[in-house]
Amino acid sequence: MTEANGTSVSIQDLSLNFGAVSVLQTLNLDVAEGEFIVLLGPSGCGKSTLLNCIAGLLDISEGRIFIKGKNVTWEEPKDRGIGMVFQSYALYPQMTVEKNLSFGLRVAGVARDEIAKRIARAAEILQIEPLLQRKPAALSGGQRQRVAIGRALVRDVDVFLFDEPLSNLDAKLRAELRVEIKLLHRKLQNTMIYVTHDQIEAMTLADRIAVMRGGIIQQLDAPQTIYNRPVNRFVAGFLGSPAMNFLDGQVEAGPVFKTDGVSVPLDRYVFDGTERPTGACVLGIRPEHIAFGDAAKSMPFSASGSVEIVEPMGSDTLVWTKLGGRNLSFRVEAERTLRPGDPVQIGFDPVRASLFDAATGNRL
Amino acid sequence: MSDQAVTLPASAGAVANRLEASGPRGPKPRHVFSRRNIFLYGTLFVVAVYYLLPLYVMVVTSLKGMPEIRLGNIFSPPLEITFEPWVKAWSTACTGLNCDGLSRGFWNSVRITVPSVLLSIAIASVNGYALANWRFKGADTFFVILIVGAFIPYQIMIYPIVIILREVGLYGSLAGLVIVHSIFGMPILTLLFRNYFSSMPEELFRAARVDGAGFWGIFLRIMAPMSLPIFVVAIILQVTGIWNDFLFGVVYTRPDTYPMTVQLNNIVNSVQGVKEYNVNMAATILTGLVPLIVYFISGKLFVRGIAAGAVKG
């Protein structure tokens, strides 16, 4: 998105099999110069594997990988122009921070004053100057991860690869470092490929998110697009916390969505194709898109019910009710005091909803 | 006023109530002479005596003169301490062939042990590293073959090795014995190193690869410096194993290159004149001294390394 003036990383028809198990299947991905791509998915979806393939740490079974227009499919990791940050930091425990940072450069035989210059720059960017003479064991988790990022930084690479870099940190530090990584990207303008299973990291950091499942990229789009117009039910359910509500039912001519005693008019809904499908489908609506009280009455669809459970979350409150016999959650301001049993009026605009084919799960 | 008078006793009563109701608090008291302690320390004491008593007899006997030994009180401390037997055992005791004591055997053992230990550990550590980190084709097969090797009693292989060494012209030389020791140390040492290296975080290895280090670079600059405990374990295993070896020593060397253990056997079993128990005891302690010292110096590292190497298989 930012200055997309060329392709930085290009993956073409990449497949990877471990024996009979196919981990990645003819995967294609183009990452623009300076773009921040997040590979998001549940564990075992192949996102880390894909990253290791890009890094050259895993031999691929099929396909090609280009970095900066150069075919690096058979290149060693060090020749690919990548720097990598690992979940466990992977700092060399017997070396000081300075030696950790300089290891790659010393291996490459970079001149000593050049090494010093680059370390000084990286240490300044990451604010780890006071730690340079310490060993990793004497650092906190956040400091270690900074050093790990610094190790990629000093190598002056085109592409940064992050393999769940924040997963080992506690929630507060994670939020802090997330911001720092975003600032770092702003400052450096490098291409970054970032693997995570944390949707908040994905939403906040990414220019584009690639949601993966079973070795296949389900959807590759800007975070807002993925959030608002998920291409299938898996993507819809994986992103968003609290999760999207799903109602099973039918689309009937009109078009209208019907489920036990509920009918939602769909004339404002934007269908993916031009034809109007009918048959079994799933309607998805996010908790924050459900209006409540008086606002609900003016919505194209509205219904009444009663409160089942109330979950206060601090900034707002999640309220559970039933619609058409199914659990449905919606968000209200934290100030609203609702109790189980209270009658509620809810409603939503179908333009905010998503319709999925019941059989394939694809967006209608 | 009356209000205060009522509240005060009430709160005091509440405190007393709480103290009473609270029950046990703080560390649980332990009794020194509990049944558990008596049993535990009693067992430890018996086992310690079981192992230390023979050592005590050896030390005491080696410090006595022959007249005193003939009195037969093997547990009594020496009336007159003499170091004569130690000197004799080291420099003038007679084996069947020569009379320069254990000193010759000691230096032979050093010349056998040092290169064998270094060579076997150097090769086995690289083996283990390659097996653990560079999963090359056939790595598992290779590993299985190696492990099977560890379970074959090596007496079976003595004669074939004699022939092989004879054919390559190394039979009877120290070099031949060094090679034999290195080869026989390989299965267990490789297993040890492989398990240790597999227990190291995989990401460390990957990070080093991204940093551009190659096979040897990663081994020498990242892996080996992190593996001091397991190297110490390997050194202890090999030093004690090779130093205490008798069978290979007697089979693959000639009398003038016999290791200390063989020399000791020849001193103790030489059947001319009187049995000099004090000299025999001194010679035995001298022979066992090297492994003992190794254990004492590196005991802590040894335990740590064994534990670390044993975690993952």
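**Exercise 1. Which residue just after α2(A) takes a positive phi?**

Step 1. Keep in mind that you're looking at a predicted model. Go to the end of α2(A) and take the residue that comes just after: Gly109(A), whose phi is positive, at about 75°.

Step 2. Now look back into the helix itself. Its buried residues are Val97(A), Asn100(A), Leu101(A), Ser102(A), Phe103(A), Gly104(A) and Leu105(A).

Step 3. See what these buried residues lean on. They pack against α3 (112-126) and α4 (141-153), both of chain A.

Step 4. A bit of background helps when you read a list like that. An α-helix has 3.6 residues a turn, so residues three or four places apart point the same way.

**Exercise 2. Work out what chain A brings to its contact with chain B.**

Step 1. Count both sides: chain A puts in 17 residues and chain B puts in 14.

Step 2. Sort the chain A side by element. Both β6 (82-85) and α2 (97-108) supply at least two residues. The largest share, 4 residues, is from α2(A), the helix you met in Exercise 1.

Step 3. Sort the chain A side by residue type. You get 12 nonpolar, 4 polar and 1 charged.

**Exercise 3. Describe the open sheet that contains β9(A) and β10(A).**

Step 1. Write down the strand order. The sheet has 6 strands of chain A, in the order β6-β7-β8-β3-β9-β10, and the pairing is mixed.

Step 2. Find the edges. These are β6 and β10 of chain A, since each pairs on one side only.

Step 3. Check the twist: ignoring direction, neighbouring strands are turned by 20° against each other on average.

Step 4. Zoom in on one pair. Strands β9 (208-213) and β10 (216-221) of chain A run antiparallel and are joined by 5 bridges. Across the pair, Val211(A) sits opposite Gln219(A), and Met212(A) sits opposite Ile217(A).

Step 5. Look at the turn. This hairpin leaves 2 residues between the strands, and Gly214(A) has a positive phi near 55°.

**Exercise 4. Take apart the hairpin of β1(A) and β2(A).**

Step 1. Get the strands and their direction. β1 (7-18) and β2 (21-32) of chain A pair in the antiparallel sense, over 8 bridges.

Step 2. Pick a bridge to follow. Starting at Val9(A), you land on Val31(A) in β2(A).

Step 3. Inspect the turn. There are 2 residues between the strands, and Gly19(A) in the turn shows a positive phi of about 60°.

Step 4. For the side chains, remember a handy rule. In a regular strand they alternate between the two faces of the sheet.

**Exercise 5. Which residues touch the most other members of the largest nonpolar core?**

Step 1. The core has 142 residues, and the ones you want are Leu39(A), Leu161(A) and Ile193(A).

Step 2. Ask who gives the most to this core. That's helix α8 (174-198) of chain B, with 11 residues.

Step 3. Check the domains of chain A. Domain 1 (7-237) and domain 2 (244-357) each put at least three residues into this core.

Step 4. Follow one of the core residues. Setting aside neighbours within four places in sequence, Leu39(A) is in contact with Lys47(A), Leu50(A), Leu51(A), Ile193(A), Val195(A), Ala210(A) and Met212(A). Notice Met212(A), which you saw opposite Ile217(A) in Exercise 3.

Step 5. Don't miss the other core lying apart from that one. It has 11 residues, including Leu102(B), Ile267(B), Met281(B) and Leu286(B).

**Exercise 6. Compare the two domains of chain A, then sketch chain B.**

Step 1. The C-alpha centres of domain 1 and domain 2 of chain A are 38 Å apart. Their contact uses 5 residues from each of the two domains.

Step 2. Split the domain 1 side by type: 2 nonpolar, 2 polar and 1 charged.

Step 3. Over to chain B, which has 14 helices and 0 strands. Of its 313 residues, 32% are buried.

Step 4. Look at contacts in chain B between residues at least 6 apart in sequence: 76% of them join residues at least 24 apart.

**Exercise 7. Is Gly325(A) buried or exposed?**

Step 1. Locate the residue: Gly325(A) is in the loop between β18 (316-323) and β19 (326-333) of chain A.

Step 2. Count 11 other C-beta atoms within 10 Å of Gly325(A). The cut-off for exposed is 12 or fewer, so Gly325(A) is exposed.

Step 3. Try one distance too. From Gly325(A) to Gly141(A) is 184 residues in sequence and 47 Å in space, C-alpha to C-alpha.

Note on methods
Residues are numbered from 1 along each chain as its sequence is written. Chains are lettered from A and ligands numbered from 1 in the order in which they are written. This is a predicted model: local features need pLDDT of at least 70, side-chain atom pairs count only at pLDDT 80 or more; totals for chains, interfaces and linings use all residues. A residue is buried if 20 or more other C-beta atoms lie within 10 Å of its own, exposed if 12 or fewer, and partly exposed in between; C-beta atoms are placed from the backbone. Two residues are in contact if their C-beta atoms, placed from the backbone, lie within 7 Å. Domain bounds come from an automatic or database domain assignment. Ala, Val, Leu, Ile, Met, Phe, Trp, Tyr, Cys and Pro count as nonpolar, Asp, Glu, Lys and Arg as charged, and the others, Gly among them, as polar. A nonpolar core is a set of buried Ala, Val, Leu, Ile, Met, Phe, Trp, Tyr and Cys residues joined through C-beta atoms within 7 Å. Two strands pair if DSSP finds at least two bridges between them. Axes are lines fitted to C-alpha atoms, for helices over the stretch in contact, and angles run from 0 to 180 degrees between N-to-C directions.
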